[in-house]
Amino acid sequence: MANIRVEIAGLQFRNPVLTAAGPTSRDGMTLLTAATGGVGGLVAKTISVKGAEVPRPNMAAIGRGRVPSRRGMLNTELWSELPPEQWIEKEYAIAKSSGLPLIASVGYTPEEVSKLAPKMEKAGVEAIEFSTHYVGGHVEIAKALRESVNTPIFAKLSPKVDVTEVAKSLEKYVDGIVAINTYGPCLRIDIETGQPMLGGDMGQGWLSGSALKPIALRCVADISKAVDIPVIGVGGVSSGEDVIEFVMAGASAVQVCTAAILEGHTIYGRIANETEVWLNVHDYDSIDEIRGVALKKLTKLQPPPMIDHEKCTVCGLCVKSCVYGAITADREQKILHIDSEACEACGMCISVCPYFALSYQ
Ligand SMILES: Cc1cc2nc3c(=O)[nH]c(=O)nc-3n(C[C@H](O)[C@H](O)[C@H](O)COP(=O)(O)O)c2cc1C
């Protein structure tokens, strides 16, 4: 069996799938439940000097029905509604009873994090992640934390900043970068009433889930190329294949929030298991072997696509998605054909093929 254990800044995780700050890490019991669902390590909801006053409603899927809702969601949840004392006196201890490494999350100003972090460290959290979602000022916050605690520190970045430059500016102060937080602001309207679906300012909220994944993956790749400290990927992870993609882009581990909201706490173990199976099927002994392998290949591709006829089932999905009419399927002969004159090498067919039968190699 492939080894999927990972070590980040001295923390040992039984697998690379961690919780993310959000409602699925909102208190000690929720984190314990994640542990029973097979998660590799715990990241708690962000706390600040006062509990947040969170608007209602604060979560909405980006589409109705089973499939559209899985594309992502908007939220306006802010940080934890619980007072910081409750986390420090009770919730972290409950989470720690799982025996898994616990990363606490704190925000937001240098003064606020310096006040809270030593108490969080005393409560036994193994590392501290800081969120700059609403405030910026990354280096000042990192320095304030570095001066107040000895635990490893992780900086969680918003996709709205130049992640390469910010990661470089933080490299000497932090032990790792977490990328990314939600994107926005965004909007959804209930067409039956004309009202927004969220209760925050102007009805706006922040995007997460599958729709966010390509942005998150690009950020992880950019940061991995720019710095030598570990990167934890977060944004739209819902399967083992997503984990493989993030690790190939340089991530050491991933965090999962939206998919766990939509599917429940057993998702962590499912994703970890799928990751291990993928590695086994592809003959890897360890997840470390694939870390960053895509980074040197992020150059220009060499079209046109080629067909692996052994893998192709002639399902016709590529035929439908070819806007240039270049692909034809001979169902009787069970063979696919690409007309190289008509093919514009746009690449869409490769990305929709469920059987990995089309590629540029
Ligand atoms: C409802 C909700 C609440 C969140 N709360 C926090 C938070 O308190 N602190 C934080 O750093 N990120 C928070 N996030 C962001 C997530 O941790 C994560 O970065 C983002 O949702 C992308 O991952 P995902 O696509 O797996 O959800 C929250 C996300 C959601 C959906």
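This is a guided tour of a predicted model, stop by stop, with a selection to make at each one.

**Stop 1: the eight-stranded sheet**

Strands of a sheet pair through backbone hydrogen bonds, and they do it either parallel or antiparallel. Start with an open sheet of eight strands. Select them in this order: β3-β16-β15-β10-β9-β8-β7-β4. The pairing here is parallel. Now colour β3 (17–19) and β4, which stand at the edges. Each has a single partner strand, so one side of each is left without a neighbour in the sheet. Look along the sheet to see its twist, which averages 25° from one strand to the next.

Zoom in on one pair. Select β7, residues 102–106, and β8, residues 127–131. The two strands run parallel, joined by four bridges. Which residue of β8 is the bridge partner of S105? Label E129 to see that partner.

Keep the sheet on screen and add α4. This helix packs on the sheet and touches β4, β7 and β8. Its direction makes about 160° with that of β7.

**Stop 2: α4 against α5**

Two packed helices are described by the angle between their axes and by the distance between the axes. Select α4 (residues 110–122) and α5 (residues 138–148). They pack at an angle of about 25°, and their axes are 9 Å apart. Angles under 35 degrees count as roughly parallel, so α4 is roughly parallel to α5. The crossing of α4 past α5 is right-handed.

Show the side chains at the contact. From α4, pick P110, V113, S114, A117 and P118. From α5, pick E140, I141, A144, L145 and S148. Colour this contact by class: seven of its residues are nonpolar, two polar and one charged.

**Stop 3: α5 against α6**

Keep α5 and add α6, residues 163–170. The axes of these two helices come within 9 Å and cross at roughly 30°. That makes α5 roughly parallel to α6. Here, too, look at the handedness: α5 passes α6 in a right-handed crossing.

On the α5 side, select H138, V139 and A142. They meet V166, S169 and L170 in α6. This contact has four nonpolar residues, two polar ones and no charged ones.

**Stop 4: α1 against α3**

Hide those helices. Select α1 (residues 28–36) and α3 (residues 84–96). Their axes come within 7 Å and cross at roughly 10°. The two helices are therefore roughly parallel to each other.

Show G28, M29, L31 and L32 in α1. They meet K90, E91, Y92, A93, I94 and A95 in α3. How many residues of this contact of α1 with α3 are charged? Two are charged, alongside seven nonpolar and one polar.

**Stop 5: the four-stranded sheet**

Next, find an open sheet of four strands. Its order is β5-β6-β14-β11, and the pairing is antiparallel. The edges are β5 (59–61) and β11 (183–187). Each of these has a single partner strand, so one side of each is left without a neighbour in the sheet. Neighbouring strands are turned by 40° against each other on average, direction ignored.

Select β11 together with β14, residues 204–208. The pair is antiparallel, over three bridges. Label C186, then find its bridge partner in β14, G205.

**Stop 6: three backbone details**

Most residues other than glycine have a negative phi, and most peptide bonds are trans. Three places to check follow.

- Select G107 and Y108: the peptide bond between them is cis, with omega near 5°. Y108 is in the loop between β7 and α4.
- Select A179 and I180: this peptide bond is cis too, with omega near 20°. I180 is in the loop between β10 (176–179) and β11.
- Select L78: its phi is near 60°, a positive value in a residue other than glycine. L78 is in the loop between β6 (73–75) and α3.

**Stop 7: the ligand**

Finish by centring the view on the ligand. How many residues surround the ligand? There are 27, and the closest are A20, A21, S208, C257 and T258. Colour β4 (42–47) and α9 (258–263), since each supplies at least two residues of the shell. By class, the shell has 11 nonpolar, 13 polar and three charged residues.

Terms used
Residues numbered from 1 in each chain as written. Predicted model: local features only at pLDDT ≥ 70, side-chain atom pairs only at ≥ 80, totals over all residues. Axes fitted to C-alpha atoms, helices over the stretch in contact; angles between N-to-C directions. Parallel < 35°, antiparallel > 145°, perpendicular 65-115°, else oblique. Left-handed = near helix turned anticlockwise from the far one by under 90°. Contact = placed C-beta atoms within 7 Å. Nonpolar A, V, L, I, M, F, W, Y, C, P; charged D, E, K, R; others polar. Near = placed C-beta within 6 Å. Pairing = 2+ DSSP bridges.
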